Every structure is written in structure tokens, then in C-alpha cells.
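Here are a few exercises to work through with the sequence and the model side by side. Try each task before you read its solution.

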Amino acid sequence: MAKILLLHGPNLNLLGTREPQHYGQITLAEINQRAADIAVAAGHELTARQTNAEHELLEIVQSAVADGVAYIVINPAAYTHTSVALRDALIASDIPFVEVHISNIYSREGFRHHSYFSDIAQGVICGLGAKGYEFAVQFALAQLEREAGG
Ligand code: DQA
């Protein structure tokens, strides 16, 4: 059984009511439940965390190493475009990750077009709505299976 960490950055606690034209109606609790169901059905464990605080994201990523997390699915939200610190934490952790964005950041304001994570992520899913998280977890599971020699 492998541990997957689903990590959400700032303002994603507001999903359901926040800018539905970009993020839809789904809540974070529903996203987390769907992701956990997919992981559990494959015999793995998924823990979801959300915080608005950059330093807490760093601490969660740092703790993930000690916790034995094998894979991270992360939506860094607005920190995508600003956080060298979170980038460095992910590099230091050496845990493979997929970057997810609910909206298509490339069809939005120019400042959203740059990500501090895309070049170090195994992959990026963006613009597929909340489904993107499900695809990311499925990809993580496939990677874990591959590593386990399955
Ligand atoms: C987001 C896109 C970011 O630009 C934005 O700051 C978010 C959410 C997305 O999921 O589409 O908070 O990461």
C-alpha cells in the first residue's frame, strides 16, 4: 500500500462558491472524496490537505518525506505563479508529483501563464475541471504500479 498526498493551495477551500465560471460548482470535500475513492479502490491510501498559508504547504511537503508519501498531486493555486519556496520544497522532497489546475491557466491573465512547478512536475493537467484531479490520481497509481513492477 502506497501513500498519496493530495495537496491544495490557497482559496481552494472556497470551491463550490468561488468563481464558478472558472472552477465549477464542485466542493473541495467532493474532490477529495472522489480522489480517495480511486486510491482506495486500487489498494492505496490518499490523504488530502488544504491550506492558505505558504509556510504550511512547505511544512506539509517536508513532513511527507518522513511520512513515506510516495506520490503528490498538487494544485498550488496562486502560489503556482509566485512560490520559489514551494518549488524548492518539492525538489528537496524528491517525491514525484503531478501539477493540477482546474481552469486553463493559459486562457486566462498573462501572469497565470508561468508556473514555478511545471518543469519539475512529472506532468501537468490543466483546464479539465475537477476531473483533472481524478486523472492525476489515476496517473499516480499507474506510476506506483510501474515502480512496484506491476
Ligand atoms: C488554479 C489557477 C490559479 O491561477 C489560481 O490562482 C487558482 C486556481 C486552478 O486550479 O485553475 O487559485 O490553480
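Contact, in what follows, means heavy atoms within 4.5 Å. Keep in mind that this is a predicted model.

**Exercise 1: A helix and its neighbours**

Check whether the length of helix H5 fits its residue count, then find which elements its buried residues pack against.

Solution.
- Step 1. H5 covers residues 131–147, which makes 17 residues.
- Step 2. The expected span is 1.5 Å times one less than the number of residues, so H5 should span 24 Å.
- Step 3. The C-alpha atoms at the ends of H5 sit 25 Å apart, which agrees.
- Step 4. Buried means under 20% relative accessible area. The buried residues of H5 are Gly132, Tyr133, Glu134, Ala136, Val137, Ala140, Leu141, Gln143 and Leu144.
- Step 5. These buried residues pack against S1, helix H2 (28–41), strand S2 (45–50), strand S3 (69–75), S4 and strand S5 (123–126).
- Step 6. Now look just past the helix: Gly149 has a positive phi of about 85° there.

**Exercise 2: Two residues with positive phi**

Locate Glu19 and Asp94 and work out whether each is buried, partly exposed or exposed.

Solution.
- Step 1. Most residues other than glycine have a negative phi.
- Step 2. Glu19 has a positive phi, near 30°, and Asp94 has a positive phi too, near 60°.
- Step 3. You'll find Glu19 in the loop between strand S1 (3–8) and helix H1 (20–23). Asp94 is in the loop that joins helix H4 (84–93) and strand S4 (97–101).
- Step 4. Exposed means over 50% relative accessible area, and partly exposed lies between that and the 20% limit for buried. With 32%, Glu19 is therefore partly exposed; with 68%, Asp94 counts as exposed.

**Exercise 3: Around the ligand**

Pick out the residues around the ligand, sort them by type, and find which side chains place a polar atom by a ligand oxygen.

Solution.
- Step 1. Around the ligand you'll see Arg18, Tyr23, Asn75, Ala77, Ala78, His81, His101, Ile102, Ser103, Ile105 and Arg112.
- Step 2. This shell splits into 5 nonpolar, 4 polar and 2 charged residues.
- Step 3. Polar side-chain atoms lie at these distances from an oxygen atom of the ligand: 3.0 Å for Arg18, 2.8 Å for His101 and 2.6 Å for Ser103.
- Step 4. How much of the ligand does the protein bury? Taken alone, the ligand exposes 320 Å², and the protein buries 99% of that.

Key
Residues are numbered from 1 along each chain as its sequence is written. This is a predicted model: local features need pLDDT of at least 70, side-chain atom pairs count only at pLDDT 80 or more; totals for chains, interfaces and linings use all residues. Side-chain values use heavy atoms; hydrogens and water are left out. Helices (H or I, at least four residues) and strands (E, at least two) are DSSP runs, numbered from the N terminus. Buried means under 20% relative accessible area, exposed over 50%, partly exposed in between (1.4 Å probe, protein chains only). A residue is near a molecule or strand if one of its heavy atoms lies within 4 Å of it. A polar contact is a pair of N or O atoms within 3.5 Å; within protein, one must be able to donate a hydrogen and the other to accept it, and residues adjacent in sequence count only if both atoms are side-chain atoms. Accessible areas come from the Shrake-Rupley method with a 1.4 Å probe; for residues, only the protein chains shown count as cover. Ala, Val, Leu, Ile, Met, Phe, Trp, Tyr, Cys and Pro count as nonpolar, Asp, Glu, Lys and Arg as charged, and the others, Gly among them, as polar.
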